[in-house]
Amino acid sequence: MTGREFEKYMVDWLSAKGFWVHRMAESNTGSQPFDIIALKDYKVCAFDCKVISTKRPYFPFSRIEENQKRAFEKLYECYSGILLCAFMIYFEGDVYLLDYSIAKMLMEEGKKGITLTEELKIDSRE
């Protein structure tokens, strides 16, 4: 699955779950900090979709761009309590959800990435 196909897949899945969803316009400059914004029950979610094509289920934090870090941190500062900034990660047919605040904490500890485990997996096929 390509990145754009995964974004569309997640838009459709979130819509089916009752979210109002908007896929951000594609940018040739890569300046958009996330791909999808979704709203439901006074909760705002900013998602960036990543496709992992390596042989193992591992998300390297080097895939998190500086503009994403700045945007997610500013959003958390402004909308604490009603916001989720996260990465939706596709690997071999499964979808994983990684909250940016967890990734940030691990990066601050010096970690270079995270193994995609069952605890991070969401059932996107239902």
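Leaving aside its neighbours within four places in sequence, with which residues is L116 in contact? The legends below take up this question and related close-ups of a predicted model, in which local features need pLDDT of at least 70, side-chain atom pairs count only at pLDDT 80 or more, and totals for chains, interfaces and linings use all residues. Residues are numbered from 1 along each chain as its sequence is written, and side-chain values use heavy atoms, with hydrogens and water left out.

**View 1. Surroundings of L116 and the largest nonpolar core.** Beyond its neighbours within four places in sequence, L116 is in contact (heavy atoms within 4.5 Å) with I52, P57, Y58, F59, I89, F91 and Y96. L116 is also one of the residues with the most contacts inside the largest nonpolar core, together with F59, F61, F87, I89 and L98. A nonpolar core is here a set of buried Ala, Val, Leu, Ile, Met, Phe, Trp, Tyr and Cys residues joined through side-chain atoms within 4.5 Å; buried means under 20% relative accessible area, exposed over 50%, and partly exposed in between, with a 1.4 Å probe and protein chains only. This core has 20 residues. Strands β5 (83-91) and β6 (94-99) and helix α3 each supply at least two of them, and β5 gives the most, with five residues. Helices (H or I, at least four residues) and strands (E, at least two) are DSSP runs, numbered from the N terminus. A second, separate core of 17 residues includes L14, C49, M88 and Y90. In soluble globular proteins, nonpolar side chains tend to be buried together.

**View 2. I64 in the loop between β4 and α2.** I64 counts as buried, at 4% relative accessibility. Not counting neighbours within four places in sequence, I64 is in contact with F59, K69, F87, Y100, A103 and M107. The C-alpha atoms of I64 and F6 are separated by 17 Å, and these two residues are 58 apart along the chain.

**View 3. Packing of helix α2 against helix α3.** The axes of α2 and α3 (residues 100-108) are 11 Å apart and make an angle of about 120°. Axes are lines fitted to C-alpha atoms, for helices over the stretch in contact, and angles run from 0 to 180 degrees between N-to-C directions. The crossing of α2 and α3 is left-handed, a term for a near helix turned anticlockwise from the far one by less than a right angle, whereas clockwise is right-handed. From α2, K69, F72, E73 and Y76 meet Y100, S101, K104 and M107 of α3. The residues of this contact divide into four nonpolar, one polar and three charged. In this division, Ala, Val, Leu, Ile, Met, Phe, Trp, Tyr, Cys and Pro count as nonpolar, Asp, Glu, Lys and Arg as charged, and the others, Gly among them, as polar.

**View 4. The salt bridge between E7 and R23.** The structure holds nine salt bridges, each defined as a side-chain nitrogen of Lys or Arg within 4 Å of a carboxyl oxygen of Asp or Glu. In the pair of E7 and R23, the N to O distance is 2.8 Å. This pair links distant parts of the chain, 16 residues apart: E7 is in helix α1 (residues 3-16) and R23 in strand β1 (residues 20-23). E7 is buried, with a relative accessible area of 11%, whereas R23 is partly exposed at 28%. Apart from residues up to four places away in sequence, E7 touches R23, D35, I36 and C49.

**View 5. Salt bridges of E65 and E66.** The closest N and O atoms of E65 and K50 are 4.0 Å apart. E65 lies in the loop between β4 (58-60) and α2 (66-78), and K50, 15 residues away, in strand β3 (residues 43-51). E65 is partly exposed, with a relative accessible area of 35%, but K50 counts as buried at 5%. D48 joins K50 and E65 in a network of salt bridges. E66 forms a salt bridge with K69, with closest N and O atoms 3.1 Å apart. Both E66 and K69 lie in helix α2, three residues apart, about one turn of the helix.

**View 6. Positive phi values at D41 and Y42.** Most residues other than glycine have a negative phi. D41, although not a glycine, has a positive phi of about 50°, and phi of Y42 is near 65°. D41 is found in the loop between β2 (36-40) and β3, as is Y42. D41 is exposed, with a relative accessible area of 66%, and Y42 is exposed at 79%.
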